[in-house]
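I opened my notebook for a friendly look through this model. Here is what I looked up, entry by entry.

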Amino acid sequence: MSYVEEVYQNLEKKHPAEPEFLEAAKRILDSLDPIVKAHEDVYRKNALLERFVEPERIISFRVPWTDDKGVNHVNLGYRVQFNSAIGPYKGGLRFHPSVNQSILKFLGMEQILKNSLTSLPIGGGKGGSDFDPHGKSDAEVMRFCQSFMTELFKYIGKDTDVPAGDIGVGGREVGFLYGQYKRLTGLYEGVLTGKGLSFGGSLARTEATGYGLVYITDEMVKGAGKTLAGKTVLVSGSGNVAQYAVKKATELGAKVVTVSDSAGYIYDPNGINFEVLCQIKQVERARIKVYADRVPGSVYHEGEKPWGEKCDIALPCATQNEITGSDAEKLIANGCWCVAEGANMPSDADAIDRYEKARVESGFLFMPAKAANAGGVAVSALEMSQNSERLSWSFEEVDKKLKDIMVNIYKNVSTTAEKYGHAGDFVTGANIAGFEKVADAMLAQGLV
Ligand code: NDP
């Protein structure tokens, strides 16, 4: 049995009730096989994989809070401090009823590889609660955030663990969490990222994930001897990532013909109009179907996903598992030759198998989320740097650094894939490149 299989089997025995974590660990471990085989003696001697798959620490706690009617509730809170070999733990807090330890461990493991790819000094962590902010008043959300931070503050700090937002944790929640941290500790420090611009947030953080996605896509397309200019692009979603992917892709000369929400998608043969999109989503907070009433020539498709339209490039920016195996078939049959993931895990396992087949047959390009959407966490790390220096960089400075980081991620992922005999396989390239730096740091720091 190979070292990778051995470690996975032990993990299965230890954590039988954590299916999401086990599935992610299996996929990652399998793709690490080439690097593990190349260094097997050293890795085994140092129990490297056994340590890599276990979080350094998991903190779990109860979060009592009172709703507006005076009724008391108790939610569960967590922080998974996955790996600090290359920097303080960094990763979002998620407030969603589905949150549990298995999901947070899985996200923590993905996060350490993603953070490593940015080449910035940030380790991996993830946290959150099974609290659902939907339908709660601002006062209820504030009381929940204050109670959550009353326990969490003991375990975080600007040089130890720097959480950010994630699903259900946006600017409002980060503000409440930060206020309570400051009140409890008396410290005005960069302990959270995603802060408002008036209290230490970074310019270009809002744009970072969408812009970063397009920067890396541009680089990947150039690497295949093509250009983004003149290409037809499908974007899904119409939230933060989608909006800025539309904007940057259009600026670079591509034509984005779709955006969507959970109710349907818009097809605009003339290219999605960013100003109209922002007016609808950021100002009016209306459904995407309104776009078809405003822009002549565009069409709304109720209850459908955009993947049946003809395109060169698809940028899924909505949600997990939004591209299934049959969606991937449709995309490829309609001429799509490139997918880069703006959302986390938008392609299911069948879809990824289809991309891989098309890659081997015809050079299909696929950039997985941990590389393609790393621009968000990269600018979060730049927010930490600015907070430490007590400085605020200009939009242009941050954007330039973001672009350099995304170009470097592409180079690192593609050269690593090549080095380990998997040229063009950016899934393997991203996992190995992310892991390599973490593994080197863990080996250098001894058995801790
Ligand atoms: P937003 O909440 O701003 O937007 C999400 C978009 O996806 C909305 O248009 C939403 O439509 C749509 N959507 C949600 N569920 C579905 C569904 N089941 N089917 C179709 N569309 C759906 O989120 P973000 O743009 O911030 O994030 C999008 C993805 O990117 C997530 O996977 C997130 O984890 C990932 N990501 C985000 C980062 C960031 O910096 N924002 C960083 C890295 C990853 P509706 O309004 O109908 O719900």
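How many bridges join strand S10 to strand S11? I found two, between residues 313-316 of S10 and residues 338-340 of S11, and the strands run parallel. Strands count as paired if DSSP finds at least two bridges between them. I noted one partner: Ala 314 is bridged to Val 339 in S11.

A word on sources: this is a predicted model, where local features need pLDDT of at least 70, side-chain atom pairs count only at pLDDT 80 or more, and totals for chains, interfaces and linings use all residues. Residues are numbered from 1 along each chain as its sequence is written, and side-chain values use heavy atoms, with hydrogens and water left out.

Next I traced the sheet: it is open, has seven strands with mixed pairing, and its order is S9-S8-S7-S6-S10-S11-S12. S9 (299-302) and S12 (365-367) are the edge strands, each with a single partner, so one side of each has no neighbour in the sheet. The twist averages 15° from one strand to the next.

Then I turned to helix H17, residues 426-444 (helices are DSSP runs of H or I, at least four residues; strands are runs of E, at least two; both are numbered from the N terminus). Its 19 residues reach 27 Å from first C-alpha to last, close to the 27 Å expected at 1.5 Å a residue, taken as 1.5 Å times one less than the number of residues. Of the 19 residues of H17, 14 are buried (under 20% relative accessible area, 1.4 Å probe, protein chains only), so the helix is largely enclosed by the rest of the structure.

Last entry: Gly 446, just after H17, takes a positive phi of about 80°.

Definitions and conventions. Buried < 20%, exposed > 50% of the residue type's maximum accessible area, 1.4 Å probe, protein only. Axes fitted to C-alpha atoms, helices over the stretch in contact; angles between N-to-C directions.
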